[in-house]
Amino acid sequence: MDGGQGRIMRYPWDEPPGQGAAIEVAEGVLWMRLPLPMKLDHVNVYALDDGDGWTVIDTGFSSKKTRAIWQALIDGPLAGKPVRRVVATHHHPDHMGNVGWFQSELGAELVTTRTAWLFARMLSLDVQETWPSETLDYYRSAGMAPEVLARRMAERPFNFADMVYPMPLGFTRIKQGDVFRMGGRDWDVHMGNGHAPEHATFWSRDDNLVITGDQILSSISPNIGVYATEPLADPLADWLETCERLAPLARPDHLALGGHKLPFTGLPTRMRQLIDNHHGALARLRDHLDTPKAASECFAPLFKRSIGEGEYGLALVEAVAHVNHLYHTGDVVRTRREDGAWLYQRRG
């Protein structure tokens, strides 16, 4: 028995590394941090010492500033040794943003999942100067506030390519069940879904390290969103399935190295919290849908706090994920409002 210690989450480091600096979280494993220009203002990246070079995990948004920080890290904490491989846990631009630079300019090999590479490559080539009708239809179907929609339509659309360095052809695939060697350790590769499709996590066979990316985070819940590319998707089902599948692997002594916030121990506790939080949100949402409501009218039961303009977009796609889940499980029915919004109501 662990005397209750396994039920406690602990944070071995109170503060993250400063810009251009690194913290050694285990032998040959460096934790570094890059800035992001949004409310979630950072992404964690890692470097693992392979002896003759480094394997880097995740890369931050593409920008001259970020690449200058990377160069300072390479010259400083990485001691000028070459980055031979770069691993992208998933396709989102704060993780995939500079892989093309590492490949093209530093000669590194890109290692990622097939879905992550295909999504990132496709999105980086799909530049839109005006809003696609499908995206606007999706926003209307979610009940996006008219003033928010009007502001968006007045601006150039966000393009993946704005935040991702041009990606050359070619990558090395990792998949579920692989054993991947880096940093002097063998790592079991387990795929996650929900936050991003085919999201790679790495579980060390040789010590207590787990690289979780954004699949499991310490003090925030990973964003689980539905987008115009697949408006009827049920990523919440995918994410809950992943949590239930990975939970038996988690040990109290695991040091979880996530894509945001602080590394932590107490992984079984955190995974149960995340699962329970979403089931609680779904229960509140079912109660909320006693009368027909659009996804945009479901923020209060889901987030239990006010949503500001900077968070509105992420909140909306997450609200759609939750109402979609209840729709797929048969808990709610939906009808179209005259303005195109889907209205959801609890059965019975």
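Lys261 is partly exposed, with a relative accessible area of 27%. In this predicted model, Lys261 sits in the loop between β12 (255–258) and α8. Its phi is near 65°, a positive value in a residue other than glycine.

**Positive phi values**

A second case is Asp58, which is not a glycine either, yet has a positive phi of about 70°. Asp58 belongs to the loop between β4 (54–57) and α1 (64–75). Is Asp58 buried or exposed? Asp58 is buried, its relative accessible area being 2%. A glycine, Gly143, takes a positive phi of about 80° just after α5.

**The annotated domain**

According to the unreviewed UniProt entry, residues 42–254 are covered by the annotation "domain: Metallo-beta-lactamase". Over residues 42–254 the chain is 31% helix and 22% strand. The C-alpha atoms at the two ends of that stretch are 23 Å apart.

**Helix α5 and its surroundings**

Which residues of helix α5 (residues 133–141) are buried? They are Thr135, Leu136, Tyr138, Tyr139 and Ser141. These buried residues pack against two helices, α6 (146–153) and α10, and against β13 (332–336) and β14 (342–346).

**Helices α8 and α10**

Helix α10 also meets helix α8. The axes of α8 (residues 267–288) and α10 (residues 309–328) come within 11 Å and cross at roughly 75°. Angles of 65 to 115 degrees count as roughly perpendicular, and α8 and α10 are therefore roughly perpendicular to each other. On the α8 side the contact is made by His278, Ala281, Leu282, Leu285 and Arg286. On the α10 side stand Glu318, His322, Val323, His325 and Leu326. The residues of this contact divide into five nonpolar, three polar and two charged.

**Salt bridges**

How many salt bridges does the model contain? The count comes to 20. Three of them, in helices α7 and α8, are set out below.

| Salt bridge | N to O distance |
|---|---|
| Arg245 and Glu241 | 2.8 Å |
| Glu244 and Arg272 | 4.0 Å |
| Arg272 and Asp276 | 3.3 Å |

Arg245 and Glu241 are four residues apart in helix α7 (residues 235–246), which means that about one helical turn separates them. Arg245 is partly exposed, with a relative accessible area of 32%, and Glu241 counts as partly exposed at 38% relative accessibility.

The salt bridge of Glu244 with Arg272 runs between two helices. Glu244 lies in helix α7 and Arg272 in helix α8, so the pair ties together parts that are 28 residues apart in sequence. Glu244 is partly exposed at 42% relative accessibility, and Arg272 is partly exposed as well, with a relative accessible area of 39%.

Arg272 also forms a salt bridge with Asp276. Why are Arg272 and Asp276 separated by about one helical turn? The reason is that they are four residues apart in helix α8. Asp276 counts as partly exposed, at 39% relative accessibility. Elsewhere, salt bridges that share partners join Lys39, Arg305 and Glu311 into one network.

How values were computed: Residues numbered from 1 in each chain as written. Predicted model: local features only at pLDDT ≥ 70, side-chain atom pairs only at ≥ 80, totals over all residues. Heavy atoms only, no water. UniProt positions renumbered as here; feature names shortened; annotations may be inferred. Axes fitted to C-alpha atoms, helices over the stretch in contact; angles between N-to-C directions. Parallel < 35°, antiparallel > 145°, perpendicular 65-115°, else oblique. Contact = heavy atoms within 4.5 Å. Nonpolar A, V, L, I, M, F, W, Y, C, P; charged D, E, K, R; others polar. Buried < 20%, exposed > 50% of the residue type's maximum accessible area, 1.4 Å probe, protein only. Salt bridge = Lys/Arg side-chain N within 4 Å of Asp/Glu carboxyl O.
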